[in-house]
Amino acid sequence: MENNSSFHILTVTALNEWDWTSRIIFFSIALPCYLLTVVLNATLIMIIAFEKALHEPMYIFLCNLCVNDLCGTTGFYPRALVYLLTETNRISFEECIVQGLVIVVYAVGEFTNLSVMAVDRYIAICRPLHYHSIMSPFTVLGLVTFLWAFPCFASLLAILLAIKNPICRYDINKLFCENLSLVNLGCRQDISQGIFNGWMYISMSVLIGLVLISYFKIILACRKSKVNQEKFFSTCMPHLISFLNYIVCSFFDSSQTELRTNTLSHTFLSVIFLTIPPFVNPLIYGIKLAPIRAKILYIFRSSRIKNM
């Protein structure tokens, strides 16, 4: 494969118009947000991992969602913080590839996680008597494997297609690297990229369709049962809020992809799908799901008693 892109240094132009004061202000906001996001997701992961009562399919999928959120957060924040604190705004081509791999895994993984979680809630509410036979340990293991295998495969394929052509441009107009940023660096584009994009759109449409169909059937089931209504508000509402939140954030990112501006609003809208969902998801589930909320309150009470 002919590729003359080795050892190239790329310039991230998203911060070109930012003065030093703006960089410091946003750094002082971004660093606490990053640390808090890590703490929130890590807390949920540890609670689910160490609490045997939470070793159920719904919580296992939630744990994977939190791990995926940590993946996306860690793929974005550290490098962005370096950009904000320095004025170089440079990244090597190899580092850009690695960041692109991580961020595409996160982006696709968020859809796969939320889709599987929707199907799990559909089975729990619409087919409760068959739930444990359907969601057996073998099935859960297969779904967890899919949750990571599909995003990793899609990410690897996306990046390989993006870097297969020599590069003629050296500017990244976002605050992070992903496959489309790498595609735009190429001297030419071929039909394989269009085929891949079509496959990804179809795949994402199928996953979104699974969520919509699941919730349509859940809502129909809830109309006839107060018990199902209680299950919906206690377990489905957090998922539905997370799903809609990610869809909206992804829409803002997609709307900015083709723009070549470096304005503050463009930069902000292009990164919210990497910053808002990982921060909001553990808050929603930690507050709304009673078992997790009870465990968090127990930990806080225990720590307060020990400090007295």
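**Figure 1. Surroundings of Lys164 in the loop between H5 and strand E3 (171-172).** In this predicted model, Lys164 counts as partly exposed, because its relative accessibility is 25%. The side chain of Lys164 is joined to the side chain of Ser192 by a polar contact of 3.1 Å. Gln189 stands 25 residues from Lys164 in sequence, and the C-alpha atoms of these two residues are 9.6 Å apart in space. Both Gln189 and Ser192 also belong to the lining of the largest cavity, which is the subject of the next legend.

**Figure 2. The largest cavity, with about 70 Å³ of space.** Two cavities of 30 Å³ or more are held by the structure. The lining of the largest cavity is made up of Leu161, Ala162, Asn165, Val183, Gly186, Arg188, Gln189, Asp190, Ser192 and Gln193. Two or more of these residues are given by each of helix H5 (137-163) and helix H7 (191-222). Sorted by class, the lining of the largest cavity comprises three nonpolar, five polar and two charged residues.

**Figure 3. Helix H5 and the elements that cover its buried residues.** The 27 residues of H5 should span 39 Å at 1.5 Å a residue, and the end C-alpha atoms of the helix are 39 Å apart, so the expected and modelled spans agree. The buried residues of H5 are Val140, Val144, Leu147, Phe150, Pro151, Ala154, Ser155, Ala158, Ile159, Leu161, Ala162 and Ile163. The cover over these buried residues includes H2, H3, H6 and H7. Of the buried residues, Leu161 and Ala162 are also part of the lining of the largest cavity, while Ala158, Ile159 and Ala162 are among the residues touched by Asn179.

**Figure 4. Asn179 in helix H6 (residues 179-185).** Asn179 has a relative accessible area of 11% and is therefore buried, the limit for this class being under 20%. When residues up to four places away in sequence are not counted, Asn179 touches Val104, Ala158, Ile159, Ala162, Gln193 and Phe196. Among these neighbours, Ala162 and Gln193 also line the largest cavity.

**Figure 5. The largest pocket, with about 800 Å³ of space.** A lining of 27 residues surrounds this pocket, and those nearest its centre are Leu180, Tyr201, Met204, Asp253 and Ser254. The elements H3, H5, H6, H7 and H8 each give two or more residues to the lining of the largest pocket. By class, 17 of the lining residues of the largest pocket are nonpolar, six are polar and four are charged.

**Figure 6. The second largest pocket, with a volume of about 370 Å³.** Phe26, Ala30, Phe268, Val271 and Thr275 are the closest to the centre of this pocket, out of the 20 residues that line it. At least two residues of the lining are supplied by each of helix H1 (20-50), helix H2 (57-85) and helix H9 (264-288). H9 provides the largest share of the lining of the second largest pocket, with eight residues. The lining of the second largest pocket has 17 nonpolar and three polar residues, and no charged residues.

**Figure 7. Asn281 in helix H9.** With a relative accessible area of 1%, Asn281 falls under the 20% limit and is therefore buried. The side chains of Asn281 and Asp69 are joined by a polar contact of 3.1 Å. Leaving aside residues up to four places away in sequence, the residues that Asn281 touches are Leu65, Asp69, Glu110 and Ser242.

**Figure 8. The second largest cavity, with a volume of about 50 Å³.** Met58, Met117, Asp120, Arg121, Thr235, His239, Tyr285 and Leu289 form the lining of this cavity. Helix H3 (93-126) and helix H8 (226-257) each contribute at least two residues to the lining of the second largest cavity, and H3 gives the most to this lining, with three residues. The lining of the second largest cavity divides by class into four nonpolar, two polar and two charged residues.

How values were computed:
Residues are numbered from 1 along each chain as its sequence is written. This is a predicted model: local features need pLDDT of at least 70, side-chain atom pairs count only at pLDDT 80 or more; totals for chains, interfaces and linings use all residues. Side-chain values use heavy atoms; hydrogens and water are left out. Helices (H or I, at least four residues) and strands (E, at least two) are DSSP runs, numbered from the N terminus. Buried means under 20% relative accessible area, exposed over 50%, partly exposed in between (1.4 Å probe, protein chains only). Contact means heavy atoms within 4.5 Å. On a 1 Å grid over the protein atoms alone, a cavity is a set of points where a 1.4 Å probe fits but cannot get out, and a pocket is an open set with protein on both sides within 12 Å along at least five of seven lines; lining residues have an atom within 4 Å of a point. Grid points are joined across faces, edges and corners, and a volume is the space filled by probe spheres set on the points. Ala, Val, Leu, Ile, Met, Phe, Trp, Tyr, Cys and Pro count as nonpolar, Asp, Glu, Lys and Arg as charged, and the others, Gly among them, as polar. The expected span of a helix is 1.5 Å times one less than its number of residues. A polar contact is a pair of N or O atoms within 3.5 Å; within protein, one must be able to donate a hydrogen and the other to accept it, and residues adjacent in sequence count only if both atoms are side-chain atoms.
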